[in-house]
Amino acid sequence: MKTGQEDARSMASIMLRSTAMLLTLAAQLAPSANAGAKPVDGSRIANADTEPGNWLTYGRTYSEQRYSPLATINDENAHNLGLAWFADLDTNRAQEATPLVIDGTLYISTAWSLVKAYEVRTGRLIWAYDPQVRRELGVNACCDVGNRGVAAWNRKIFVGAYDGRLIALDAATGVPVWSTQTVDTGKPYTITQAPRVINGRVIIGNSGGEYGTRGYISAYDAESGKLAWRFFTVPGDPSKPFENEAMARAAKTWSGEWWKLGGGGPVWDAISYDPKLNLLYFGVGNGTQWARSARSAGKGDNLYLASIVALHADTGQYAWHYQATPGEEWDFDAVQQLVLADLRINGKVRQVLMQANKNGFFYVLDRKSGALLSAKAIVPVTWASGIDLKSGRPIENQEARYSETGKAIDVKPGPLGAHNWQPMAFNPKTGLVYIPAQQVPIRFIPLPSLPIAPIGWNLGVALASVPSPIEGFLLAWDPARQREAWRVTYKGPWNGGVVTTAGNIVAQGDAAGNFNVYRATDGEKLWSLFAQSGIIGGPSTFEAGGEQYIAVLSGWGGSFALSGGKASAVSGNLRNVSRLLVFKLGGTAVLPPLTPRPFVINPPPEPSDTASVARGEPLYVQYCSACHGEHALGGGVIPDLRASNFLGSDFFYNIVLDGALKDAGMASFKSALSRDDAAAIRNFVIHQANQTAPN
Ligand code: CA
């Protein structure tokens, strides 16, 4: 639900105006400066270390280390860093992208999948593209409408649009070259993932595991947009032929009628690639529903949920898998970044793949065979006491299996994970991995049966926050010895992605709105700048005109910000100020002062119908809280419902049931809610507003 008419209308009108402006800009601006440069291809990405001035793909290289050989900015001079330039963005939701830089041009995607190209040295906007995603689809986002970045190949820029389209743009002009719909638009699929391009094919997955989808990853020809292959992550209806042997094997690990809700298993973040082995790696998310009792009759490992999977890159055929959390039911998506490296372990150099999993364990696998080499907890973990290296399976705490015990249980880490999508970085010089780590325990409350919601989350379990401190920190982890090297503690969780360099630095934005640079060897803070808004995206570093730059997006949002609502203030900042920030040594640009944001709660009187208030609470939790925050206590990203001008007006029903504000991002809930339901939600919000109003 959107609040306040003025807020929503002015937001809608800003969006309309900025859309018109962008279309004009795209048409008027001259082609970019890099039109003559050598096109990006597999050899350029595979040999990215020979051109460290560029940042050609999401994780800089196919191995996704986010380590740059550049050392002009280093631990000796980082205190001289400053803002070179910045650009205000025209969306105000989660900004999650890592900027790409190719031959002097910087490319980003923003919330709602907009794409922009800037001249690195001057900050001049070269072009802007808006895929015009229908804002009412925002309801299908478990975790905000961010986009993690674009991919580049042969003078084209690729973006996975939130509504499921994969779009190729001319890198010089931003004009679309082709567009293809990658999902069934009748189902709640979305895309937030950055595509990668391997052997001339654009690789893209999708999100939706909280709603009811069947996950898969696809490869499209970069020139034509034609589908080359697709690999599903969970089996379909077993009465029909399976797509391949991997699906037939997986089906033996499922029970019940999982395919009716799709089974889940979205591929929504990590993709890496080993050109020598020609193996492509990706992570698979949780199942629909979370509760295994609801999903798979309480039985089975449910392959390939919560797994790391390797495919032969040319055919999309299965090579191996490692399932981190068999029979997963705590939202432990295994999609976090997969870092490839050569590690010396016990005196022997091993070709490894590393992941700091949501479930709290740091995994080191042999990336040729998928064999588990080691796994250790990076934060206190309560759902398992460790990983058995022989079987590769977790040693589970049976009390954590809420769907078997039928009892509520507090679990560490919670669904936000010990590490989420915010990318970590590996520095081969220090041998350390730098992880945006956190601890946010959650109480899982099993319910006998929950109706399937036609719109909104379908978890099969209720959740509650736990009265226990929540934490966020930058963790330097020695992956060869599986132990902590140092940590920097932040105010709270949901801090930004990380980059590290040969200059012995680690750079990370934090949720409180600071951009920080540390010495890579010991975590000593070298420099910091207040950027006004929480930073969650991954930084990149590159060169132009002989100068090294570091770029990052500011813009608070994402799952913790939305569903946490006001509670996310623990991390230090509730403002979304969406910008591209570019730093260099001696930079002298200054951000404009923050404008005050008056906040007035003036709710209608406390409802007399207390039964309706009570009925509204679980409905609010099921349908509203994922975006509008736990218990309607407001947040910083989506307007605070308690301040809505419509709480006292029947126009509330036009919004909630008829989609009056769909173009501002508020979908119609007519398929899920009756007018009585909507009235109950309204009464609950009015009650909360009265309970929490400052007067
Ligand atoms: Ca999930």
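A donor, for a calcium ion, is an N, O or S atom within 3.2 Å of the metal. Keep that cut-off in mind. The model used here is predicted.

**Exercise 1. The calcium site**

Task: Find which residues coordinate the calcium ion, and how the donor residues are spaced in sequence.

Solution.
Step 1. List the donors. They are Glu210 (OE), Asn286 (OD1), Asp331 (OD), and Asp333 (OD), with Asp333 (OD) listed twice.
Step 2. Check the distances. They run from 2.2 to 3.1 Å, and the cut-off for calcium is 3.2 Å.
Step 3. Write the spacing. It reads E-x75-N-x44-D-x1-D.
Step 4. Place two of the donors on the chain. Glutamate 210 sits in the loop between strand S12 (201-204) and strand S13 (216-221). Aspartate 333 sits in the loop between strand S18 (317-323) and strand S19 (339-345). The two are 123 residues apart, and the pair links distant parts of the chain.

**Exercise 2. A salt bridge between loops**

Task: Explain why the pair of glutamate 243 and arginine 214 ties together separate parts of the sequence.

Solution.
Step 1. Start with the whole structure. A search finds 38 salt bridges.
Step 2. Pick one of them. The side chains of glutamate 243 and arginine 214 meet at 3.0 Å, N to O. The limit for a salt bridge is 4 Å.
Step 3. Locate both ends. Glutamate 243 is in the loop between strand S14 (227-232) and helix H3 (245-251), and arginine 214 is in the loop between S12 and S13, so the bridge joins parts that lie 29 residues apart in sequence.

**Exercise 3. Two domains and their interface**

Task: Describe the contact between domain 1 and domain 2.

Solution.
Step 1. Set the bounds. The domain assignment gives domain 1 as 16-585 and domain 2 as 598-692. Their centres, taken over C-alpha atoms, are 32 Å apart.
Step 2. Count the residues in contact. Domain 1 supplies 23 and domain 2 supplies 24.
Step 3. Give the area. About 1900 Å² is buried between the domains, with 59% of it on carbon and sulfur atoms. In domain 1, Glu136, Ile455 and Leu562 lose the most area to domain 2. Together they make up 29% of what that side buries.
Step 4. Look for polar links. The interface has 0 salt bridges. It has 2 residue pairs in polar contact.
Step 5. Sort the domain 1 side. Helix H6 (residues 559-564) gives the most, with 4 residues. By class, this side holds 11 nonpolar, 7 polar and 5 charged residues.

**Exercise 4. Backbone details**

Task: Where are the cis peptide bonds at glutamine 289 and tyrosine 304, and which value does phi take at arginine 60?

Solution.
Step 1. Threonine 288 and glutamine 289 are joined by a cis bond, with omega about 0°. Glutamine 289 lies in the loop between strand S16 (279-283) and helix H4 (292-296).
Step 2. The bond from leucine 303 to tyrosine 304 is also cis, with omega near 0°. Tyrosine 304 lies in the loop between H4 and strand S17 (307-312).
Step 3. Arginine 60 has phi near 75°, a positive value in a residue other than glycine. Arginine 60 is in the loop between helix H2 (42-46) and strand S1 (67-68).

Technical notes
Residues are numbered from 1 along each chain as its sequence is written. This is a predicted model: local features need pLDDT of at least 70, side-chain atom pairs count only at pLDDT 80 or more; totals for chains, interfaces and linings use all residues. Side-chain values use heavy atoms; hydrogens and water are left out. Domain bounds come from an automatic or database domain assignment. Contact means heavy atoms within 4.5 Å. Buried area is the accessible area (1.4 Å probe) that two parts lose on being put together, summed over both. A polar contact is a pair of N or O atoms within 3.5 Å; within protein, one must be able to donate a hydrogen and the other to accept it, and residues adjacent in sequence count only if both atoms are side-chain atoms. Ala, Val, Leu, Ile, Met, Phe, Trp, Tyr, Cys and Pro count as nonpolar, Asp, Glu, Lys and Arg as charged, and the others, Gly among them, as polar. Donors are N, O and S atoms within 2.8 Å of the metal (3.2 Å for Na, K and Ca); water is not among the atoms, so sites may look incomplete.
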